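Please open the model in your viewer and keep the selection panel at hand. The tour below moves from one selection to the next and says what is to be found at each stop.

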Number of protein chains: 2
Amino acid sequence: MIVDERRSRILHITEESGFVALHRLVAEVGASESTIRRDLEYLDSVGLIQRTRGGASFLGDSQSDFDARRSKASVEKQQIARRTAELIVAGETVLLDGGTTTLEVARHLTGKSLQVLTNSLPIASLLMNRAEIELIFIGGYVYPKTGVALGEQSVEALRKMHATRLVMSTGGVTADGLFNSNALLVETERQMIRVADRVTLVADSSKFGQRALSHLCSLDDVDEIVTDNGMSGEWKKVMDDAGIRTEVVTV
Amino acid sequence: MIVDERRSRILHITEESGFVALHRLVAEVGASESTIRRDLEYLDSVGLIQRTRGGASFLGDSQSDFDARRSKASVEKQQIARRTAELIVAGETVLLDGGTTTLEVARHLTGKSLQVLTNSLPIASLLMNRAEIELIFIGGYVYPKTGVALGEQSVEALRKMHATRLVMSTGGVTADGLFNSNALLVETERQMIRVADRVTLVADSSKFGQRALSHLCSLDDVDEIVTDNGMSGEWKKVMDDAGIRTEVVTV
DNA sequence: TGAACTATCTTTCATAATGAGTCATAACTA
DNA sequence: TAGTTATGACTCATTATGAAAGATAGTTCA
């Protein structure tokens, strides 16, 4: 095996799990301990990994997580996101909560002059270089994995803000209202609802009838729902009775 | 076999797997080692492949990321960042401002249990999946391109925070103090200085003697500087006189 | 806490692999 | 045919590798 090929493999293995033990590399790559040590030393010197006792950890942005998110978006989510983005008109101040569907909505917000408020790191990273969008990030404790800021600081920051529209996702919808799985997030989302003129819920049809840990708000708080045509007639009626406009996309 | 045909085959084989060992080419192409070497040398000179020890790698997609990753920050920044990260001990609450060097510092913060406060989107994205780091984002208006949150909201959010250490970068350092090019950012950075027990400045040696648009703070506000050995003795003396500890890395 | 133990690291050395250069010869071209 | 270019075998210098020994840093247990 060639030197660079071996080093590339080492880098790849390291990136996958964030950290690798030297022994594992010896076993997987099939070179001697000395050689692996020297390779790690080299990769450290060029700043690609960080040498630690017994192994090494990957430095640099792991692509994996971002890619995983992107591929996860189903056709339903894509379509819902697109329609939702169409509902938003230039000049609005849009509040986007964290979630895979809202991330897709953000992706579709092209060419419109907007003010966007969000507590989602992925969304912010996505929009940060769009010249037509004025981006305001709502800080706070960043919840791992999802990259959403929440907690007291987020609520506090939101108190001084105002948005013409909130686009939010949910863990589940029943006649009792909306649910979400993270108690802290619920706090932040409630505050979002308070400061927004209009609440647009993005929820694929599988969410109807689902409950999650924390009750977020009642259906009264929601103004419109964008969903796919998998939503049953019964649920449509529940929404109508609650005075919620439903926007259905066909997939 | 004709020369061009052989070279074309070599190129093809190299492209297929990204890497190819010289011996494999000798076997598959059926020419002598010397000839293959000369061919590789030629293909390298025209930029179609990259000659490496023991073989060659194709200059397409497969290998390019490895090469590209090699050079992302200057050696000085790398070394300064590494040393700075070493100064930070587990349990600290570190405030990281936005900047390319501080981003590198963030990269090197591996394995330490820390609380990190930052107003930089790139840093936050980098650290958001590190289990050992509790991340708090300082929200505000997100300045395009750099992805740094600043403005009144950032200052406000910082008011309620406290950090054991601030790691900050700068546009320039003179005997008058620190400078930065963005007036809004300066406001936020001043507040950062106020809430941090200790200020660690990361600045490569080229920054000494440089001025920028806005005056940020005096040298009194800085506790230590991590720089490279390009810093002249004169500047070292200025820092000593200001009571600043200088940490010099050799590049 | 401190001694014994273990894992990991650093250094060193001999060996193997690779590369650069030289030269004679074969193949091709004018 | 004479001159040019390509080829393959060879030598020597350089670099990479693996093994071993001693040093250092963590861990365990009394």
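Two strands are taken to pair if DSSP finds at least two bridges between them. With that in mind, and remembering throughout that this is a predicted model, begin in chain B by selecting Phe179(B), which stands opposite His215(B) in S13(B).

**Stop 1: the paired strands of chain B**

Extend the selection to S11(B) and to strand S13 (residues 214–217) of chain B, and you will have two strands that pair in the antiparallel sense over three bridges. Now add strand S10 (residues 172–174) of chain B, which runs antiparallel to strand S11 (residues 177–180) of chain B and is joined to S11(B) by three bridges. One place to look within this pair is Thr174(B), whose bridge partner in S11(B) is Gly177(B). Follow the backbone from S10(B) to S11(B) and you will trace a hairpin, with two residues between the two strands.

**Stop 2: the three-stranded sheet of chain A**

Move to chain A and select S1, S2 and S3, which make up an open sheet of three strands in the order S1-S3-S2, with antiparallel pairing. Strand S1 (19–21) and strand S2 (49–52) of chain A are the edge strands, each of them pairing on one side only. If you look from one strand to the next, the twist averages 20 degrees. For a detailed view of one pairing, show S1(A) with strand S3 (residues 55–58) of chain A, where three bridges join the antiparallel strands, and pick out Ala21(A), whose bridge partner in S3(A) is Gly55(A).

Two helices can now be added to this view. H1(A) lies across S1, S2 and S3 of chain A and runs at about 120 degrees to S1(A), while H2(A) lies across S1 and S3 of chain A and runs at about 75 degrees to S1(A).

**Stop 3: two helices that cross**

Keep helix H1 (residues 3–17) of chain A on display and add H3(A): the axes of these helices come within 10 Å and cross at roughly 75 degrees. Because angles of 65 to 115 degrees count as roughly perpendicular, that crossing makes H1(A) roughly perpendicular to H3(A). To see the contact itself, show the side chains of Arg6(A), Arg7(A), Ile10(A) and Leu11(A) from H1(A), together with Asp39(A), Tyr42(A) and Leu43(A) from H3(A). By class, the residues of this contact divide into four nonpolar, no polar and three charged.

**Stop 4: the DNA strands**

Which residues are the closest to DNA strand D? Of the 13 residues that surround DNA strand D, the closest are Ser32(A), Ser34(A), Thr35(A), Ser32(B) and Thr35(B). The elements that give two or more residues to this surface are helix H3 (33–45) of chain A and helix H3 (33–45) of chain B, and H3(A) gives the most, with three residues. The surface near DNA strand D is made up of four nonpolar, six polar and three charged residues.

Next select DNA strand C, whose surroundings in chain A are Leu22(A), His23(A), Ser34(A), Arg37(A), Arg53(A) and Gly54(A), and in chain B are Leu22(B), His23(B), Ser34(B), Arg53(B) and Gly54(B). Here the elements that give two or more residues are helix H2 (22–29) and H3 of chain A, together with helix H2 (22–29) of chain B. The classes at the surface near DNA strand C are two nonpolar, six polar and three charged residues.

**Stop 5: where the chains meet**

Show both chains and select the interface, where 37 residues of chain B are in contact with 36 residues of chain A. On the side of chain B that touches chain A, the elements supplying at least two residues each include helix H4 (61–70), helix H7 (121–127), strand S7 (140–143) and helix H8 (152–159) of chain B. H7(B) gives the most to this side, with four residues, and by class the side of chain B has 18 nonpolar, 14 polar and five charged residues.

Strands pair between the chains too, since DSSP bridges are what define pairing: strand S6 (residues 133–137) of chain A and S7(B) pair in the antiparallel sense over two bridges. Zoom in on Phe137(A) to find its bridge partner in S7(B), which is Gly140(B).

**Stop 6: a loop in chain A**

Finish at Gly230(A), in the loop between strand S14 (224–228) and helix H10 (233–241) of chain A. Gly230(A) is partly exposed, with 14 other C-beta atoms within 10 Å. Draw a distance from Gly230(A) back to Thr35(A): the two are 195 residues apart in sequence and 57 Å apart in space, C-alpha to C-alpha.

Technical notes
Residues numbered from 1 in each chain as written. Chains lettered and ligands numbered in written order. Predicted model: local features only at pLDDT ≥ 70, side-chain atom pairs only at ≥ 80, totals over all residues. Near = placed C-beta within 6 Å. Nonpolar A, V, L, I, M, F, W, Y, C, P; charged D, E, K, R; others polar. Contact = placed C-beta atoms within 7 Å. Axes fitted to C-alpha atoms, helices over the stretch in contact; angles between N-to-C directions. Parallel < 35°, antiparallel > 145°, perpendicular 65-115°, else oblique. Buried ≥ 20, exposed ≤ 12 C-beta atoms within 10 Å, placed from the backbone.
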